[in-house]
Amino acid sequence: MAYAKEIYSLRQLPFLICADMFSSLHFKQKKRFDGSPRSSKITSFYGLKTPPYELEIYSLRQLPFLICADMFSSLHFKQKKRFDGSPRSSKITSFYGLKTPPYELDALEPHMSKKTIDKHWGEYHRSLIEGLNKQLEKDDILYGYTMDELVKVTYNSGNPFPEFNNAAEVWNHDFFWESMQPGGGDMPKLGLLQQIEKDFGSFTNFREKFVEAALTLFGSGWVWLVLKREEKRLEIVKTSNAICPIVWNDIPLINLDLWEHAYYLDYRNDRAKYVDVFLNHLVSWEAAAARLTFAEAFVNLGEPKIPIA
């Protein structure tokens with residue numbers, strides 16, 4: 001970027017870091033009356049919204065995380081303190097925030113009640129976030145990871161770190177809320193439906209296998225429709241407790257929470273009815289199709305079938 005390196009006001013740095021991301025933002029070095037450059041001043045021709053955090057930062061490596069806080073709503077920052085309580089401005093610890101479901105909390109009624117979502121998302125999911133943040137504030141060794149990266153790193157090749165359960169359950173729940181939509185259910189369309197028919201024989205076969213997996217999962221856990229990278233095919237996967245398939249490099253398309261707190265208020269212990277309602281009225285095949293489209297950037301599924309008129 002074309003601007004002077006001699007900068008004396010740290011409050012100006014976010015404008016410089018974001019210049020490439022905001023094409024409408026330009027910088028011009030002011031000059032003295034005698035024509036010589038005045039490198040300590042930089043002016044912006046168009047406004048940039050001030051980030052909602054303090055800018056007293058001393059490491060340029062940390063700035064991109066702060067600048068992007070508005071774009072990544074799940075990332076928040078808190079200044080670490082020394083044991084004596086004084087601030088240690090050279091360290092910043094990344095904290096994670098509670099993501100809001102992509103619909104109003106009563107939008108899934110009557111199939112999933114607002115009472116259930118208030119309890120499940122507003123209390124349980126929030127407690128996972130708070131528990132994870134408390135674990136992370138003890139040490140900055142896990143600083144700067146995205147949630148995907150944090151889950152994979154803390155899984156530790158099957159020997160999980162203490163942070164894994166909270167991190168994975170946060171990831172699972174974020175994905176679960178986005179796997180549903182008001183007016184969901186029915187059947188997928190176009191490419192996703194074709195891929196399901198290719199890999200399961202028919203949508204009816206897929207549905208039967210998904211229901212069977214959900215009803216035979218022992219204890220608490222999740223059922224997933226994933227894309228297997230190596231096999232280049234869709235599969236239904238069952239995981240216990242907090243495990244999620246990204247630790248095996250699978251690409252999830254949908255998931256269903258089978259912890260009892262996910263359905264007890266609405267369906268008591270009738271897991272079968274809950275699974276049936278999910279498939280008929282809640283699952284977002286639109287989200288699944290978008291995820292499959294994204295996955296095809298990494299996995300070659302071959303030429304699509306062209307319907308014969």
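Here's a quick look at one helix, a few salt bridges and one loop residue in this predicted model.

## Helix H7

H7 covers residues 203-216. Its 14 residues at 1.5 Å each should span 20 Å, and the end C-alpha atoms are indeed 20 Å apart. Buried in this helix are Phe203, Phe206, Phe210, Ala213 and Ala214. Looking down the axis of H7, the buried residues sit within an arc of 95°, so they line one face of the helix. Glu208 and Glu212 are exposed on the face turned away from that buried side.

What do the buried residues of H7 pack against? Their partners are H6, strands S5, S6 and S7, and helices H9 and H10.

## Salt bridges

The count is six salt bridges. One of them pairs Lys99 with Glu178 at 3.3 Å, N to O. Lys99 is in the loop between S4 and H3 and Glu178 in the loop between H5 and H6, so this pair ties together parts 79 residues apart in sequence.

Asp276 bridges to Arg207, with the closest N and O atoms 2.7 Å apart. Asp276 belongs to H9 and Arg207 to H7, so here the parts tied together are 69 residues apart in sequence. Glu123 and Lys119 also form a salt bridge (3.2 Å, N to O), but both lie in H3, four residues apart, about one turn of the helix.

## Gln181 in its loop

Gln181 lies in the loop between H5 and H6. Is Gln181 buried or exposed? Its relative accessibility is 17%, so Gln181 counts as buried. The side chain of Gln181 makes a 2.6 Å polar contact with that of Ser284. Beyond its sequence neighbours within four places, Gln181 contacts residues including Tyr103, Leu108 and His281.

Terms used. Residues numbered from 1 in each chain as written. Predicted model: local features only at pLDDT ≥ 70, side-chain atom pairs only at ≥ 80, totals over all residues. Heavy atoms only, no water. Helix = DSSP H or I, 4+ residues; strand = E, 2+ residues; numbered from the N terminus. Buried < 20%, exposed > 50% of the residue type's maximum accessible area, 1.4 Å probe, protein only. Polar contact = N/O pair within 3.5 Å; in protein donor to acceptor, adjacent residues only side chain to side chain. Contact = heavy atoms within 4.5 Å. Expected span 1.5 Å × (residues − 1). Arc of directions from axis to C-beta. Salt bridge = Lys/Arg side-chain N within 4 Å of Asp/Glu carboxyl O.
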